[in-house]
Amino acid sequence: MTHDPASLLDHAERVAATAHAPYSSFRVGAVAVSADGSLFTGCNVENAAYGASVCAEVNAITTAVANGVAQIDTIAVVCLDGVSCTPCGNCRQVMREFGVKRILLRDSDGAPVECTLTDLLPHSFGPDSLPPTSLPESS
Ligand code: THU
């Protein structure tokens, strides 16, 4: 199943409206697309203990994983309250773990922007950077 960038970004925008962001007032939504085209959504969920807050992208990706997805093809990310939203470093690293190939964002005019994880996280460290014996067992 394929999903066009504009509709994935529209979906992420709707998810952003569900964010729990009383501390930053910066609402973010994300839609992760698995290899078979299934969609998994996430918004940022903040906490009074700020460090316990979770980003939208991580929530989308961990929800996909909890549904049995090991590889994520694409993630669309939209913020409602800023000029544009580009994933933070921690989110880029979480994307790396699950093989995200394509990241969909909007530019400051709202037009779709497509980039690769290599664009966002060059020279990255990932599962294949570890010795084979250290890789998690696939069961
Ligand atoms: N945020 C995300 O959800 N994703 C990002 O990639 C950048 C930042 C959230 C975290 C926090 O709730 C708010 O945006 C302001 O940093």
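**Note on the ligand site and the sheet**

1. The residues around the ligand, that is, with a heavy atom within 4 Å of it, are Ser24, Phe26, Val28, Asn44, Glu46, Cys55, Ala56, Glu57, Pro87, Cys88 and Cys91. By class, this shell holds 7 nonpolar, 2 polar and 2 charged residues; Ala, Val, Leu, Ile, Met, Phe, Trp, Tyr, Cys and Pro count as nonpolar, Asp, Glu, Lys and Arg as charged, and the others, Gly among them, as polar.

2. The model is predicted: local features require pLDDT of at least 70 and side-chain atom pairs pLDDT 80 or more, whereas totals for chains, interfaces and linings use all residues. Residues are numbered from 1 along each chain as its sequence is written, and side-chain values use heavy atoms, with hydrogens and water left out.

3. Three side chains place a polar atom by a ligand oxygen, within the 3.5 Å limit set for a pair of N or O atoms. The distance is 2.9 Å for Asn44, 2.5 Å for Glu46 and 2.6 Å for Glu57. Of the 370 Å² of accessible area that the ligand has on its own, the protein covers 78% (Shrake-Rupley method, 1.4 Å probe).

4. The strands, which are DSSP runs of E with at least two residues, include five that form an open sheet in the order 2-1-3-4-5, with mixed pairing (pairing requires at least two DSSP bridges). Strand 2 (39–43) and strand 5 (112–116) are the edges; each has a single partner strand, so one side of each lacks a neighbour in the sheet. From one strand to the next, the twist averages 20 degrees, with axes fitted to C-alpha atoms and angles from 0 to 180 degrees between N-to-C directions.

5. Strand 3 (residues 72–79) pairs with strand 4 (residues 102–106) in the parallel sense over 3 bridges, and Ala76 stands opposite Leu104 in strand 4. Helix 1 (residues 5–16) packs on the sheet and touches strand 1 (28–34), strand 2, strand 3, strand 4 and strand 5; contact means heavy atoms within 4.5 Å, and helices are DSSP runs of H or I with at least four residues.

6. Strand 1 and strand 2 pair in the antiparallel sense over 5 bridges, with Gly29 opposite Cys43 in strand 2. Their hairpin has 4 residues between the strands, and Gly37 there takes a positive phi near 90 degrees.

Note on methods:
Polar contact = N/O pair within 3.5 Å; in protein donor to acceptor, adjacent residues only side chain to side chain.
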